Amino acid sequence: MALALVGFLIVTVSVIARRSAGRALQRDLTTIQRTRTQLSGEQIKLEAEIRSASSRTRLAPLVEQSLGMRVPADTQVIDLQVTEAPRVTP
Amino acid sequence: MSLRDRLSALRDRFALVEWGVALFAVAIILKAAHVQLLNGGKWAALATRQQTRLERLPAPRGRMIDATGMPLVESRELVSFNIAPKEVRKEDRASLARTLNRLKAPQPYARRALDTNRKWINLPGRYPVSDAGPLIGMRGVYTTYEMARLMAIQSRGVRAVVGGLDGDRAISGLELALDSVLQGVTGSRQLIKTGRGDRLESPDAPMIAPVSGSELTLTINYGVQDIAEQALERAVIANDADGGDVVVLDPRSGEIIALASRTRGGVVTKLTAVTDPYEPGSTLKPFIVAQLLASGRTRPDEVINTFNGTLNYKGIRRLTDAHIAPRMTVTEVLAQSSNIGIVTLRDRMQNREHFDLLRNLGFGAYTGVSYPGESPGRLRPLGRWDQFTPSSMAMGYELTVTPLQLALAYGAIANDGVLMEPTLIREVRSADGTVRWRHRPRIVRRVFSPAIAQAMREVLKHTITEGTGQSASLTKFALAGKSGTTKLLRNGSYNSGDYTASFIGLFPADAPQLVILAKVDRPRNGQIYGGLVAAPILKAIIEGAFASTRTAIDRRALATQVIAPPIIPDSIGYAGDVAPIITPRVAKRARGDAADGAVPYVMAIAPSTKATAAPPLSARAVPTVAGLSLRDALLALHERGFRVVVDTLAEQGTSPVAGTAALPGSLVRLHRTP
């Protein structure tokens, strides 16, 4: 009878421990997923801000006013035909 | 009572207790059977309702990217909150207050959210998950996730092309036209409530992951779009105009490279280049000449009497020219945009032939572009033409066309006489990277022979070199084009003093890669002519595109079209998006030649075995690098022609993800675990 009771206790404790560990793991996983979602959102937002900041609409007035630069005329752009460099084998 | 009797009585009592216990056990068993077997389903359902919750996982709509792979619009997760102030832990209240303040939640609601006498608050607004982090998972704060569209770039034109959503409902633009393609499949997950009130994902019911909508690759090139919008904005402001439109398309494929529309206040709610037709004026004149050339009824050098700029035409109307001359060649009629000359030429044509010509050019019919609200313009049926109609139509009046229709018609001249169907979509890919649809150029019909189209390009070069379009002229390349200055019909009269100034150019003239239409509505700053108001827009777009590596110009093909050597600039140039590539030798030469020490803007053309006929770059899928070593992953990406940056993230993979189409030379981020 005592053995049965001990056995019952062991099984019960192991079940509870397993469930507790599972829930803790699940909680950690949920936290990580939330963090990931937050970071993804942050990444999208920051990438959009970078694109906006580096757009022509934003930069052109700045470089024209501050640096005195302008779009080159067609004749001021020189296209160079780049010859293929020889392959270097390591 | 004897002992025996007392024992017997005790036994009876025990028996009674035993029976009682047995009956109680039987009652419990019966009740258990009643609960478990008869009403088990009902109780189980009640328990599930109390302890679990099915959470809907919104699916992101598909991204839209430009022709070079740059994101234009993408979905971003937002979150809305319901707060039960009584359930919020005491130690969480400060964090709740701080976060609500940072989210700029309405003050009255923020106050109520902290008032423990209240049971429930519906916090208005949706907030970025990245900003609302501390609230997510907080006890007493109930979150609902939603997807919202985020413009990845700031462009009014792209915003108008892309369109918008009202909540989850697409209401305009490509969002509406391709709603079923962009929509994803909503997922779900089962949450269980723990004894402490937390909600965890149920291990018994696996999550059904949401499936993202398909990704659209547009034909829009953001580099050109950016340049076009800026050029249009400057022209509208400089000319104190009501607005304007720009269309840039590839005549060979019908792909629309840029679409810009602008109103006086800068608000763009629709693409007027597609939705709002206008009377095209003189820009329609070249098609009359092309038709007559095709049937041998005129030649470019034929001399036409232009009556010194004034003609009483058949006693029904008085025609005048801005450029006064007693006679002009057919080429000069177009170069100087002579009304008298073109109406005289038009008289060699039957009305039916004229109508069929305009129909064949696509006027009065939908182009087939996948944009809601497209207008077919107006081409009056032949039976309703009156005595004024033929001469009016020869000059571009009494019919309306959209800027897109007109650009496509000029595309036929650029494309050796073949009219192409326009498209805004280059490719549709499902979430797993599988190509669902890819645009194949579609020919609508042949309008002119290649010889006539080439002859027209030669004729239209004169508009730029000696005619009305000289302010669009380039030094290094030949341009073909035509200007238009249309009187606007106001209150039934063409004498309101309001005009539409337009210009259409083919760049370069001999092997056009781009057809560019620029239109400015009601310029009021002195200049009204298309050649003076709209032509500079064209020049600005071409120069900007030529000085940028992000634009859709085939430089190798263009190298064969150069008609003038480069000159050293008198000041420093910029492309707006890339740093100049200066080789020491070129820089030295430039410094030697230029008095002020400025350097030219030098572009490198990639090596090619065939200098004149390079294949166009085609997008390719980012390879899967999962499971590969860093070295092998780098090799796989480089072999595909991508530039690679390695960074450290918790999750391995690439950005863009494997399977995404990207052009060779695009930057791919390779994420490695620390």
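**Entry 1: B:Phe477**

I looked up the contacts of B:Phe477 in this predicted model. Leaving out residues up to four places away in sequence, I found that B:Phe477 touches A:Asp74 in chain A, and B:Phe507, B:Pro508, B:Gln561, B:Val562 and B:Ile563 in chain B. I then checked where B:Phe477 sits, and found the residue in the loop between helix 16 (450-465) and strand 23 (480-487) of chain B.

How far apart are B:Phe477 and B:Ile563 in sequence and in space? They are 86 residues apart in sequence, and their C-alpha atoms are 5.6 Å apart in space. I also looked up burial: B:Phe477 has 19 other C-beta atoms within 10 Å, and a residue needs 20 or more to be buried, so B:Phe477 is partly exposed.

**Entry 2: chain A**

Since A:Asp74 is one of the contacts of B:Phe477, I turned to chain A. I noted 2 helices and 1 strand there. Read from the N terminus, their order is α-α-β. Chain A has 90 residues, and 12% of them are buried.

**Entry 3: nonpolar cores**

Which residues touch the most other members of the largest nonpolar core? I wrote down B:Val248 and B:Ile541, in a core of 130 residues. Helix 15 (residues 403-414) of chain B gives this core its largest share, 9 residues. Apart from this core lies another one, of 15 residues, including B:Val79, B:Phe81, B:Leu100 and B:Ala105.

I went back to B:Val248 and listed its contacts, not counting residues up to four places away in sequence. They are B:Val224, B:Ala228, B:Ile257, B:Ala258, B:Leu514, B:Ile516 and B:Ile541.

**Entry 4: helix 3 of chain B**

B:Leu100, from the 15-residue core, is also one of the buried residues of helix 3 (residues 93-102) of chain B; the others are B:Leu96 and B:Thr99. Why do the buried residues of helix 3 of chain B line one face of the helix? Seen down the helix axis, they fall within an arc of 100°, so they share one face. I found that they pack against helix 4 (107-113) of chain B.

On the face of helix 3 turned away from the buried side I noted the exposed residues B:Ala94, B:Arg98, B:Asn101 and B:Arg102. After helix 3 of chain B comes B:Lys104, with a positive phi near 55°.

**Entry 5: a sheet in chain B**

I looked up an open sheet of 3 strands in chain B, and its strand order is 28-31-29, with mixed pairing. Strand 28 (643-648) and strand 29 (653-655) are the edge strands, each pairing on one side only. On average, neighbouring strands of this sheet are turned by 30° against each other, direction ignored.

Strand 29 and strand 31 (residues 667-672) of chain B run antiparallel and are joined by 3 bridges. B:Gly653 has B:His671, in strand 31, as its bridge partner. I also noted that helix 21 (residues 630-639) of chain B lies across strand 28 and strand 31, at about 165° to strand 31.

**Entry 6: B:Gly659**

Where does B:Gly659 lie? I found B:Gly659 in the loop between strand 29 and strand 30 (661-662) of chain B. B:Gly659 counts as partly exposed because it has 18 C-beta neighbours inside 10 Å. Leaving aside neighbours within four places in sequence, B:Gly659 is in contact with B:Asp432, B:Gly433, B:Ala621 and B:Val622. I last checked B:Gly659 against B:Leu479: they are 180 residues apart in sequence and 40 Å apart in space, C-alpha to C-alpha.

Terms used
Residues numbered from 1 in each chain as written. Chains lettered and ligands numbered in written order. Predicted model: local features only at pLDDT ≥ 70, side-chain atom pairs only at ≥ 80, totals over all residues. Helix = DSSP H or I, 4+ residues; strand = E, 2+ residues; numbered from the N terminus. Core = buried A, V, L, I, M, F, W, Y, C linked by C-beta atoms within 7 Å. Contact = placed C-beta atoms within 7 Å. Pairing = 2+ DSSP bridges. Axes fitted to C-alpha atoms, helices over the stretch in contact; angles between N-to-C directions. Arc of directions from axis to C-beta.
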